[in-house]
Every structure is written in structure tokens, then in C-alpha cells.
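Hi everyone, thanks for coming. Please have the viewer open while I talk, and stop me whenever something is unclear.

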Amino acid sequence: MKYFRFEKLLLKDGWISPAYLGVDDLGIVQYLEAKVPTDGVAIEYVSGLAVPGFINGHSHAFQYAMAGHAEKHIFGVQDDFWSWREAMYRCALSMSPDEVESVATMLYTEMLRNGYTHVAEFHYLHHNVDGRKYSNSAEMGERLVSAARTAGIKITLIPIFYQKGNFGTDPYPQQRRFISSDTDDYLQLLDDSARCVMQYDHARLGFGVHSLRAVSSEGVLRTFNEGPPGLPFHLHAAEQLKEISDAEQFLKARPVQWLIDNMPLSNRFNIVHCTHMSDVEVNGLAASGANVVLCPGTEGNLGDGIFRLTDYEKSRGSFCIGTDSHISLNPLEDLRWLDYAQRFTTHRRNTFDDGATAIIRMIYESGRMATGSFEEANYFSVGLPFDAVVYNSKMPLLTNARAGDPLPSIVYSSDSSSVYGTIVNGRWIVKKEHHMNRESIMSKYRKAVKSIVGKTN
């Protein structure tokens with residue numbers, strides 16, 4: 001047994017202080033009490049506040065190679081989501097499997113440094129640069145799983161079905177690395193991906209379609225109905241106003257409304273963005289039990305708009321967060337983006353009843369569903385893996401935090417410099433801002449990005 005002693009440890013019903021926690025060799029919690037264990041020969045004392053590791057509900061790892069590179073705006077030229085997408089295509093067409101793995105490993109390392117312990121990888125960069133399949137059709141997915149293993153993060157790999165260029169149109173040449181010809185083609189890719197997930201003990205599988213604009217409506221229905229039961233299902237919807245108008249023209253319905261009317265929505269469904277919804281859609285989606293995955297850093301960066309979180313939360317809708325294009329990797333920053341955007345529009349400060357406590361509980365529970373854990377669980381308990389982010393209690397604003405509940409100070413006044421370390425399966429992966437394999441990971445990343453930039457400029 002390995003024992004830790006934290007100043008405070010957060011459970012759903014409040015803090016334990018002090019908190020003694022023991023894990024076995026697999027990182028499973030075997031002891032959790034406020035009193036010293038009788039068999040605790042060696043206890044690691046940590047001047048920190050332990051909260052559940054954050055769950056990243058939406059990631060496109062390859063886009064980390066271009067984070068910050070699309071921010072030079074030319075005077076007089078329209079720059080929006082659709083122009084950004086062209087830059088993304090150039091990045092996608094430039095990366096080899098080795099480079100994807102190097103970039104993803106660096107990304108996952110940085111996620112861990114910021115307190116993420118599990119990532120849902122929405123993966124559609126499947127094929128070679130000429131659009132042909134690799135001899136191993138799941139080559140790129142295998143590289144992402146390998147990256148997660150090297151970094152030490154848990155991963156839910158979500159191979160994505162991408163078929164069309166837009167509603168009813170053939171795929172564009174720039175999308176050739178993403179495309180599965182039909183549902184049977186995609187389901188074969190999914191089957192091959194299931195085998196590569198088995199290579200890492202802390203990897204899981206999900207499935208999904210890119211969006212209603214990128215897969216025929218028949219393909220969306222068939223993919224879900226013939227896909228593996230019990231796995232989380234992911235797709236984008238209603239991110240852009242043009243997407244809404246195109247859907248109304250082609251499907252005769254708004255995207256979220258089409259999903260409500262045509263899909264058996266439940267907590268298996270994870271619908272990304274949903275930025276632009278009508279009153280009927282807000283209430284219907286919340287009532288369905290489906291989970292919205294919000295990506296505030298990316299949605300703000302791309303000018304998508306503001307999700308109707310105040311109304312959705314009043315209807316008791318479920319949501320979690322993701323980093324998407326990785327322009328922001330700090331979960332606390334994204335949580336503040338979510339809240340403050342609502343304050344801008346409502347002119348009120350109490351977006352959530354019980355504030356920080358409510359938002360942390362929501363993103364934890366819904367994040368678990370997004371990654372494939374549907375059973376209810378406390379943040380930490382005997383029998384569960386110990387995955388935590390630990391905040392340094394000696395940081396000025398945390399030293400000054402309310403003695404009974406420092407969570408508001410963590411959520412609303414802390415950043416990545418306040419992270420003492422991140423624990424996955426009972427083991428420090430990041431400690432005092434240092435990742436166990438950072439030097440070798442950084443070296444490969446620099447080499448990969450230099451090559452990618454050379455090919456895209």
C-alpha cells in the first residue's frame with residue numbers, strides 16, 4: 001500500500017480534512033479516512049488540496065500543431081470559422097503518423113500539467129496524405145493510444161465517421177484523409193480501432209459521426225443503430241449559424257431538433273457545441289438526458305457564439321467541457337469562460353446555484369459519461385482508481401481561501417501555476433510542474449512541429 005496525506009480532499013458531500021488515502025499497486029483506492037491508517041508505515045505528506053482529475057470531453061489532437069498559428073488576421077479580409085477551417089485542412093494534410101504521435105504526446109502531457117487525467121479523442125484524421133488507407137486502417141488511432149500511454153493519461157478513442165463535404169455534397173479534396181466511403185467502411189475502421197485500444201490498459205472506445213453535415217442522415221441513423229451497444233456516441237451540432245441554415249434547407253429541421261426527432265437520445269449521446277439552439281431545442285435536449293460538450297476556448301476563438309447555458313442549466317441539462325482545438329488547455333479558464341459569458345448576457349453573477357460546487361460536480365459526472373463511465377460514483381472512494389489534480393495550498397490566494405471550502409478560490413482565482421501535481425492511477429505523473437518524460441517528449445515535439453510548419457508555409 002502507498003499512502004498520501006492531503007490537507008484537504010474533495011468528495012461530493014464536502015471536504016475531508018486532513019485526508020489519508022491509500023492505494024494498492026494498481027492505483028485503486030483501498031483506504032480513505034480523516035484518521036491515520038494503523039498500517040501506514042510510509043505516508044507522503046502533501047501540502048495540497050486534492051480534487052478529481054478533470055475529464056476532457058472533446059479533443060482533436062492533431063490541431064495542437066496549429067494552436068496559435070491562425071491568429072494573424074489580414075486587414076480587410078473576412079476571418080471566421082470557415083477560413084480557419086482551411087488552415088486546419090492544411091495542417092491535417094501535412095502530418096505523418098510519427099508527427100501525429102509526437103504532437104499528441106506533447107498535448108496530452110500538457111493536459112496532465114493542467115489537471116486533466118482522461119481525454120475523449122474525437123479522431124477523424126484516419127488515412128494517408130493521398131487519402132488511401134494505411135495497411136493498418138487504425139494506424140492513426142493506434143498512434144494516439146500510444147501517445148496517451150507515453151504521456152500517462154487515460155484515453156477514450158472515438159474514431160469518427162466522416163463522409164461528406166457538406167449537407168448532400170461530395171467530400172472536398174482537402175478532407176481526403178478523413179473519409180470513410182459508407183457506413184460499412186466506417187464500422188470496419190471502428191472494429192480495427194477496438195483492437196488497438198486493447199494495447200493500453202487505460203484506453204477505452206467510443207464511436208460517432210462528425211456532424212449531420214458530414215454524414216448522410218441515413219448514415220447517422222445506421223451508424224448508431226449498428227454500432228456497439230453501451231459505448232458513448234459523439235457528434236458535432238449547431239456550432240455555426242451557416243450550419244443551422246444549411247440544415248434547415250437540406251433536412252427541413254434545425255440540427256439539434258433533427259436529433260431530438262430522429263435519434264433515441266440518452267446519456268450515451270454527447271453533442272458537441274450546440275451553440276445556437278431555439279427554446280424548443282434547449283428544453284428538448286435537456287429533457288433527453290443527452291450530454292452537451294462545451295469547448296469555451298475554441299468556441300470563443302472561432303467566434304462561434306455563446307451557448308445558452310443559463311437556460312439549459314435551468315432545464316437541468318447535462319454538460320461537460322473539452323479543449324477541442326487546444327487554443328486553451330486550462331480547465332479553470334474554460335470554466336470561467338462558461339460562467340462569465342452568461343454573466344455578460346444575464347447581468348447576474350449567480351449563474352449556478354452553489355457556484356463552484358455545482359459546476360465541478362456537473363463536468364465530472366457528464367465527463368464520465370462522455371468517456372464511457374455511466375455508473376454513478378463519488379469523486380474518490382474505495383474501489384475506484386485514484387485520479388486527482390492537487391492544488392498547492394501555499395499559493396497566496398489559496399492560503400487566503402475560505403477555511404471551510406476553498407473550491408471557489410480554486411475555480412475562480414487559480415491557474416495552471418497553482419497545480420502542485422497530477423495523479424493518475426495512484427501515481428504522480430506531473431509533480432511540481434514536471435512531467436516524468438517531459439524532456440524526451442519535448443524534443444520529439446519540436447522536431448515534428450518544425451517539419452509540419454515547413455510543409456504548411
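I'll walk through strands, a helix, some aromatic rings, a cavity and a few unusual backbone angles. One thing to keep in mind is that this is a predicted model.

Let's begin at the start of the chain, with strand 1, which covers residues 2–11. Is strand 1 largely enclosed or not? Seven of its ten residues are buried, so the rest of the structure largely encloses strand 1.

Now look at what strand 1 pairs with. Strand 2, residues 14–16, runs antiparallel to strand 1, and three bridges join the two. They form a hairpin, with two residues between them. If you want a spot to click on, Leu-9 stands opposite Ile-16 of strand 2. Strand 3, residues 19–23, is also antiparallel to strand 1, with five bridges. There, Lys-2 faces Val-23. Strand 5, residues 43–52, is joined to strand 1 by six bridges, and this pair runs parallel. Lys-8 has Leu-49 of strand 5 as its bridge partner.

Stay with Lys-2 for a moment. Its charged end sits over the ring of Phe-4, 5.0 Å from the ring centre. Phe-4 also belongs to an aromatic cluster, together with Phe-6, Phe-380, Phe-386, Tyr-420 and Trp-428.

Between strand 2 and strand 3 there is a loop, and Pro-18 is in it. Here is a general point before I go on: most residues other than glycine have a negative phi, and most peptide bonds are trans. The bond that joins Ser-17 and Pro-18 is a cis peptide bond, with omega at about -10°.

Next, please move to strand 8, residues 154–161. How many of its eight residues are buried? Eight of the eight are, which leaves strand 8 mostly covered. As a reminder, side chains in a regular strand alternate between the two faces of the sheet. In strand 8, one side has Lys-154, Thr-156, Ile-158 and Ile-160, the other has Ile-155, Leu-157, Pro-159 and Phe-161, and both sides are covered. Strand 8 pairs with strand 7, residues 116–123, in the parallel sense over six bridges. One contact to find on screen is His-123, whose bridge partner in strand 8 is Pro-159.

Now for helix 3, residues 139–151. Does the length fit what we expect of a helix, and what are the numbers? At 1.5 Å a residue, its 13 residues should span 18 Å, and the end C-alpha atoms are 18 Å apart, which agrees. Ten of those 13 residues are buried, so helix 3 is largely enclosed by the rest of the structure. Among the buried ones are Met-140, Leu-144, Val-145 and Ala-148. Just after the helix, Gly-152 takes a positive phi of about 100°.

On to the aromatic rings. The count comes to 26 aromatic pairs. I picked two. In one, Tyr-89 and Phe-178 are tilted, 6.1 Å centre to centre with 50° between the planes. Tyr-89 lies in helix 1 and Phe-178 in the loop between strand 8 and helix 4, so the pair ties together parts that are 89 residues apart in sequence. Tyr-89 and Phe-178 are both buried. In the other, Phe-224 and Phe-269 are also tilted, with 4.7 Å between the centres and 40° between the planes. Phe-224 belongs to helix 5 and Phe-269 to strand 12, so this pair ties together parts that are 45 residues apart in sequence. Phe-224 and Phe-269 are buried too.

What about empty space inside? A search of the whole structure finds four cavities of 30 Å³ or more. The second largest has a volume of about 120 Å³. It is lined by 14 residues, and those closest to its centre are Pro-52, Gly-53, Phe-54, Ile-360 and Ile-363. The elements giving two or more residues to that lining are strand 5, strand 6, helix 12 and helix 14.

Last stop: two neighbours with positive phi. His-273 lies in strand 12, and its phi is near 85°. His-273 is buried, with a relative accessible area of 1%. Cys-274 sits in the loop between strand 12 and helix 8, and its phi is near 50°. Cys-274 counts as buried as well, at 0% relative accessibility.

That's my tour, and I'm happy to go back to any part of it.

Key
Residues numbered from 1 in each chain as written. Predicted model: local features only at pLDDT ≥ 70, side-chain atom pairs only at ≥ 80, totals over all residues. Heavy atoms only, no water. Helix = DSSP H or I, 4+ residues; strand = E, 2+ residues; numbered from the N terminus. Expected span 1.5 Å × (residues − 1). Buried < 20%, exposed > 50% of the residue type's maximum accessible area, 1.4 Å probe, protein only. Pairing = 2+ DSSP bridges. Phe/Tyr/Trp six-rings, centres within 6.5 Å; stacked < 30°, edge-to-face > 60°. Lys NZ or Arg CZ within 6 Å of the ring centre and 35° of its normal. 1 Å grid on protein atoms, 1.4 Å probe; cavity = no way out; pocket = protein on both sides within 12 Å on 5 of 7 lines; lining within 4 Å. Points joined across faces, edges and corners; volume = space filled by probe spheres on them.
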